[in-house]
Amino acid sequence: MTAKTVLVTGASAGFGAATARCFAAAGWRVIACARRAERLHSLAAEFGERVHIAAFDVRDAAAMQAALDALPEDFRDIDVLVNNAGLALGTAKAPQCDLAQWRQMIDTNITALATLTHALLPTLIARRGAIINVSSISATYPYTGGNVYGGTKAFVTQFSLGLRSDLHGTGVRVSSVEPGMAQTEFTLVRTGGDQAASDTLYAGAHPITGDDIAQTIWWIANLPPHLNINRIEVMPTSQSFAGFQVARD
Ligand code: NDP
Ligand code: 8X3
């Protein structure tokens, strides 16, 4: 059987790195995308020619298209797109938020994801492929300080469902993976590099790991073609829901 091809964004860390490793270890061709080329080079060093690295900023549409145009022949028939690159910036309440951070989250989590999906739809339709979008529980459950981040993930979830509808009859599968608290570089990025804040958040909580989500994505991608996971929420057992807040006179 010929090896299948997966394109993973955000393959330099966290869920994306674990996903790229998981698929490469199973013999898939992997297109590993992120800005930090040195991280991608070490992935390629681990798996050799099975991994093609594409270092670009997903917010740069021209660089994204150039990376797609430069794909070697063997990597062009993409079967699975894993739209994973993304970030949260800041934990402040809306009035205290930095507008530049809001815009960066929208540009990365929404605009870039839609741009890459649009570029690859013809290939994915031709391959009867799959789109696996990494959303978040914050798409559904609001929390203080989640504001624009949660809004971007609500887009990812709803866009996934909309794509399902638009791709009706094509055989293309679309899934929204919605993790809860996971220990990756996410909190380090969100807090601007505060390692202590990151360590404190995860301490004793047995959070989700990158490998947990890689296994979820692997499972979704390898289900029989007649099955589509529309949405899947994955939380650590230690995390659940809190109540509403009430402001009083
Ligand atoms: P990490 O910070 O560990 O990884 C984020 C990845 O996104 C990195 O590989 C980073 O690569 C890439 N990325 C960010 N911005 C850009 C950009 N402008 N251009 C290209 N690549 C970019 O976080 P996670 O693995 O946790 O996050 C992956 C996804 O999972 C995100 O969409 C996040 O919102 C989501 N998520 C995370 C949860 C968590 O608790 N950790 C829970 C639910 C969802 P580089 O910096 O090298 O460009
Ligand atoms: C990341 C999970 O709960 O920090 O999407 O928003 S959460």
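Ile 131 is buried in this predicted model, with a relative accessible area of 0%. The residue belongs to strand β5. Leaving aside neighbours within four places in sequence, Ile 131 is in contact with Leu 81, Asn 83, Thr 117, Leu 121, Leu 124, Leu 163, Leu 167, Val 172, Arg 173, Val 174 and Ser 175. Arg 173, Val 174 and Ser 175 are among these contacts, and strand β6 spans residues 173-179. Thr 117, Leu 121 and Leu 124 are also among them, and helix α4 spans residues 99-127. Leu 163 is a further contact of Ile 131, and helix α5 covers residues 147-166. Gln 245 lies 114 residues from Ile 131 along the chain, and the C-alpha atoms of the two are separated by 37 Å.

The chain as a whole contains 8 helices and 7 strands. Its radius of gyration is 18 Å, close to the 18 Å that the globule rule gives for 249 residues, so the chain is as compact as a globular protein of that length. Along the principal axes, the C-alpha atoms fill a box of roughly 65 × 40 × 35 Å. Buried residues make up 46% of the 249 in the chain. Among contacts with a separation of 6 or more, 68% join residues that are 24 or more positions apart. The exposed area of the chain is about 12500 Å², of which carbon and sulfur atoms supply 54%. The chain carries 19 positive and 21 negative charges, and the mean positions of the two sets are 4 Å apart.

The largest nonpolar core comprises 35 residues, of which Val 6, Phe 23, Val 30, Val 51, Val 80, Ile 132 and Ile 217 touch the most other members. Two or more residues each are given to this core by β1 (5-9), α1 (14-25), β2 (29-34), α2 (37-47), β4 (80-83), β5 (130-134), α8 (210-221) and β7 (231-234). Helix α1 gives the most, with 6 residues. A second, separate core holds 24 residues, including Val 58, Phe 75, Ile 78 and Leu 81. Leu 81 is also one of the contacts of Ile 131. In the largest core, Ile 217 touches Thr 19, Phe 23, Val 82, Ile 132, Val 134 and Val 177, not counting residues up to four places away in sequence. Of these partners, Phe 23 and Ile 132 are themselves among the core residues that touch the most other members.

Helix α4 (residues 99-127) includes Ala 119. Ala 119 counts as partly exposed, at 29% relative accessibility. Apart from neighbours within four places in sequence, Ala 119 is in contact with Gln 65 and Leu 68. The C-alpha atoms of Ala 119 and Trp 218 are separated by 23 Å, with the two positions 99 residues apart along the chain counted as their separation.

Several loop positions were also examined. Arg 128 lies in the loop between α4 and β5 and has a phi near 50°, a positive value in a residue other than glycine. At 57% relative accessibility, Arg 128 counts as exposed because its value is over the 50% cut-off. A positive phi, of about 45°, is also found at His 206, which is not a glycine. His 206 is located in the loop between α7 (195-202) and α8 and is exposed, with a relative accessible area of 69%.

Thr 191 is placed in the loop between α6 (186-190) and α7. Its relative accessible area of 31% makes Thr 191 partly exposed. Thr 191 and Gly 90 are 101 residues apart in sequence, while their C-alpha atoms are 5.9 Å apart in space. His 168 occupies the loop between α5 (147-166) and β6 (173-179) and counts as exposed, at 70% relative accessibility. His 168 and Thr 152 are 16 residues apart along the chain, and their C-alpha atoms are separated by 24 Å.

Definitions and conventions: Residues are numbered from 1 along each chain as its sequence is written. Chains are lettered from A and ligands numbered from 1 in the order in which they are written. This is a predicted model: local features need pLDDT of at least 70, side-chain atom pairs count only at pLDDT 80 or more; totals for chains, interfaces and linings use all residues. Side-chain values use heavy atoms; hydrogens and water are left out. Helices (H or I, at least four residues) and strands (E, at least two) are DSSP runs, numbered from the N terminus. The radius of gyration is taken over C-alpha atoms; the globule rule is 2.2 Å times the number of residues to the power 0.38. Buried means under 20% relative accessible area, exposed over 50%, partly exposed in between (1.4 Å probe, protein chains only). Contact means heavy atoms within 4.5 Å. Accessible areas come from the Shrake-Rupley method with a 1.4 Å probe; for residues, only the protein chains shown count as cover. Lys and Arg count as positive and Asp and Glu as negative; His and the chain ends are not counted. The place of a charge is taken as NZ of Lys, CZ of Arg, CG of Asp or CD of Glu. A nonpolar core is a set of buried Ala, Val, Leu, Ile, Met, Phe, Trp, Tyr and Cys residues joined through side-chain atoms within 4.5 Å.
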